[in-house]
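Q: Please take a close look at a single part of this model and describe it in one connected account.

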Amino acid sequence: MVLVVDDNAWARDLLSAALQSHGYDTEQAADLADVRQLRRRGGAGWRPDLIFVELVRARGNGFTVAAWLQAQRLGVVVLLSERDDEADRLWARSRGIMHMMSRAEGAAQLCRRGDELLTACGDGLCR
């Protein structure tokens, strides 16, 4: 299962639809409160394989959400951004978030890169 966290409902729906057409089951959350609610509902077994978190948000930034998810070890966390900012990448890595992708690559490319990432993680190569 892939979790998409983005406070922009349109962007969240668009990426989720692309992931579903690529064969993934998806869940969606607008913010950290939604993620916590999904986790409570799903119980101890709720664990996404891959989590896309939008970095640029209308209310704050995605770093807080991504850092919490990373600390909980709920799945492979990927920050999504429109920009390719080295400062963002360094901040993320300092908190153990090793993966960033650009939405500018398009949904199909994000799906392919997600496949590659999940394969690498299955082989123990996530870090």
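**Helix H3 and its contacts**

A: H2 and H3 are roughly parallel to each other (angles under 35 degrees count as such, over 145 as roughly antiparallel, 65 to 115 as roughly perpendicular and the rest as oblique). This is a predicted model, in which local features need pLDDT of at least 70 and side-chain atom pairs pLDDT 80 or more, while totals for chains, interfaces and linings use all residues. Residues are numbered from 1 along each chain as its sequence is written, and side-chain values use heavy atoms, without hydrogens and water.

Helix H2, residues 32–42, packs against H3 at an angle of about 30°, the two axes lying 10 Å apart (axes are lines fitted to C-alpha atoms over the stretch in contact, with angles from 0 to 180 degrees between N-to-C directions). On the H2 side, Leu32, Val35, Arg36 and Arg39 meet Val65, Trp68, Leu69 and Gln72 of H3, contact being heavy atoms within 4.5 Å.

H3, which spans residues 63–72, also carries Phe63, whose partner Trp91 sits in helix H4 (residues 86–94), so that this pair links distant parts of the chain, 28 residues apart (helices are DSSP runs of H or I with at least four residues). Phe63 and Trp91 form a tilted aromatic pair, with 3.9 Å from centre to centre and 40° between the planes; pairing requires ring centres within 6.5 Å, and planes under 30 degrees apart count as stacked, over 60 as edge-to-face and the rest as tilted. The structure holds one aromatic pair. Phe63 counts as buried because its relative accessibility is 10%, whereas Trp91, at 26%, counts as partly exposed (buried is under 20% relative accessible area, exposed over 50%, partly exposed in between, with a 1.4 Å probe and protein chains only).

Conventions
Phe/Tyr/Trp six-rings, centres within 6.5 Å; stacked < 30°, edge-to-face > 60°. Helix = DSSP H or I, 4+ residues; strand = E, 2+ residues; numbered from the N terminus.
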